[in-house]
Amino acid sequence: MHTPLILITNDDGYSSKGIARLAELVSGMGETVIVAPLEAQSGKSSAITAEAPLRVRSHAPVGGASVYSVDGTPVDCVKLAMHAILDRRPDLVLSGINHGSNASVNNMYSGTMGAAMEGCVLGIPSVGFSLLDHNPDADFGGADAVVTEVVGRVLAGGLPEGVCLNVNIPAGCRPEGIRTVRAAAGHWTEEYRDYSTPSGRPFYWLTGKFHNLEPDNPETDEYWLARGWATAVPIRPDQTALDMISRIKNLLEQ
C-alpha cells in the first residue's frame with residue numbers, strides 16, 4: 001500500500017506554532033517532512049536565493065514529522081527538499097499554517113503561497129493555509145477541521161493540473177464551513193510610516209491598511225471570512241491573461 005509523502009513548509013520559520021500544528025493535523029495521513037526557512041520570510045512571494053550558498057540543518061521531530069531548516073526563502077525550501085532532502089517525489093505540498101491573512105491581494109506577496117505555487121509548478125498538488133491572526137502564539141484550534149477536510153479531499157481526489165489552493169481561516173472561531181470563491185479586489189493604503197534617525201536621516205517602516213474594493217460581494221474570500229467561513233481560492237501560477245492575447249496582439253502587431 002502506497003503511503004503518501006507530504007512535504008510541509010511555510011514562511012514563518014521552521015519553529016513557528018502554525019507549522020507545528022499543521023504537521024500534527026496531517027501526521028496520520030502519510031509520511032510527513034518539514035523543510036522550512038531557518039528564520040521568518042514573510043512577504044517573500046516566490047523569491048529564490050541566487051547569489052548566496054544555502055545550508056540545510058536538521059532538527060528534532062515535530063508533530064511526527066522529521067524537520068529541516070534552510071537559510072533561504074520558502075521557494076528555496078521546496079526546491080532544496082526536492083534536490084537534497086527527500087528520497088522520493090512528494091504526493092502533496094502543504095504550506096502554513098501562516099500567521100496572518102493571505103486573502104485577496106495578499107496572495108501576491110505571500111511566501112506561504114509562493115511555496116505552494118512552486119509545488120504546483122512542479123506538478124504536485126499543493127495547498128497554502130493561513131489563519132487570520134498574526135500573533136506568534138495564535139490559537140489554531142479553529143483550523144483543525146478545515147485543514148483535515150481539505151487535505152483529506154486533495155489526497156483522495158487531487159487537484160486540476162496547474163491549480164493550487166489558497167485556504168484562509170477566520171480567527172477566534174470554529175468556521176461555519178468552507179466556501180470556494182475568488183480573491184476580493186483590494187489594495188493597501190498608507191503603506192509606509194516615516195521616521196528619522198537621531199542624526200536626521202529618514203527611514204520608512206512598512207505598515208498600512210487593507211482597502212477592500214468590494215466588501216459586499218459574496219463571490220469573494222474577504223466577504224465570507226468576515227462572516228466566519230473559511231475560504232478556498234483556486235490559484236494558477238501561470239499568470240498569462242489568455243483573454244487579452246488578441247487585444248494586445250492588435251495593439252502591438254499592427
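Buried means under 20% relative accessible area, exposed over 50%, and partly exposed in between. I wrote that down before anything else, and I also noted that this is a predicted model.

**Entry 1. Salt bridges**

I looked up the salt bridges, and the count comes to 10. Side chains of opposite charge can pair when their charged atoms come close.

I began with K79 and E118, whose side chains meet in a salt bridge at 3.1 Å, N to O. K79 lies in helix α2 and E118 in helix α4, so this pair ties together parts that are 39 residues apart in sequence. Is E118 buried or exposed? E118 has a relative accessible area of 12%, and the cut-off for buried is under 20%, so E118 is buried. Its partner K79 has 40% relative accessibility and therefore counts as partly exposed.

Next I took E31 and R88. They form a salt bridge in which the closest N and O atoms are 3.3 Å apart. E31 is in strand β2 (residues 31–37), while R88 is in the loop between α2 (74–85) and β5, so the pair ties together parts that are 57 residues apart in sequence. I checked the accessibility of both residues. E31 is partly exposed at 38%, and R88 is partly exposed at 31%.

The third pair I looked up was E219 with R182, where the closest N and O atoms are 3.9 Å apart. Which parts of the chain does this pair link? E219 is in the loop between β12 (209–212) and α6 (221–225), and R182 is in the loop between β8 (178–180) and β9 (186–189), 37 residues apart. R182 is partly exposed, with a relative accessible area of 34%.

I also found a network: R21, E24 and D144 are joined by salt bridges that share partners.

**Entry 2. Helix α1 and R21**

The network led me to R21, which is found in helix α1. The helix covers residues 17–26, and seven of its 10 residues are buried, so α1 is largely enclosed by the rest of the structure. Which residues of α1 are buried? They are G18, I19, A20, L22, A23, L25 and V26. R21 is not on that list; at 26% relative accessibility, R21 counts as partly exposed.

An α-helix has 3.6 residues a turn, so residues three or four places apart point the same way. I kept that in mind while reading the list of buried residues.

I then looked for residues far from R21 in sequence. R21 and V147 are 126 residues apart in sequence, and their C-alpha atoms are 9.9 Å apart in space. G96 and R21 are 75 residues apart along the chain, with 9.1 Å between their C-alpha atoms. G96 is found in strand β5, and at 0% relative accessibility G96 counts as buried.

**Entry 3. The largest pocket**

I turned to the pockets. The largest pocket holds about 700 Å³ of space. Of the 24 residues that line the largest pocket, S42, G43, S101, N106 and H134 are the closest to its centre. Strand β5 (92–99) and helix α3 (106–109) each supply at least two residues of this lining. I sorted the lining by class and got seven nonpolar, 11 polar and six charged residues.

**Entry 4. The second largest pocket**

The second largest pocket holds about 360 Å³ of space. Its lining has 16 residues, and N107, M108, M117, I235 and Q239 lie nearest its centre. Helices α3 and α4 (111–121) and strand β13 (230–235) each supply at least two lining residues. Which element gives the largest share of this lining? Helix α4 does, with four residues. By class, the lining of the second largest pocket has eight nonpolar, six polar and two charged residues.

Helix α4 had already come up in Entry 1, as the helix that holds E118.

**Entry 5. A surface patch**

Last, I looked at the outside. Y192, Y204 and L206 make a nonpolar surface patch of about 390 Å². I checked Y192 further. Y192 is in strand β10 (residues 192–196). Y192 has a relative accessible area of 54% and is therefore exposed, since the cut-off for exposed is over 50%.

Technical notes: Residues numbered from 1 in each chain as written. Predicted model: local features only at pLDDT ≥ 70, side-chain atom pairs only at ≥ 80, totals over all residues. Heavy atoms only, no water. Patch = residues over 30% accessible without salt bridge, like charges linked within 9 Å, V, L, I, M, F, W, Y side chains within 5 Å. Areas by Shrake-Rupley, 256 points an atom, 1.4 Å probe, with all protein chains shown as cover. Salt bridge = Lys/Arg side-chain N within 4 Å of Asp/Glu carboxyl O. Buried < 20%, exposed > 50% of the residue type's maximum accessible area, 1.4 Å probe, protein only. 1 Å grid on protein atoms, 1.4 Å probe; cavity = no way out; pocket = protein on both sides within 12 Å on 5 of 7 lines; lining within 4 Å. Points joined across faces, edges and corners; volume = space filled by probe spheres on them. Nonpolar A, V, L, I, M, F, W, Y, C, P; charged D, E, K, R; others polar.
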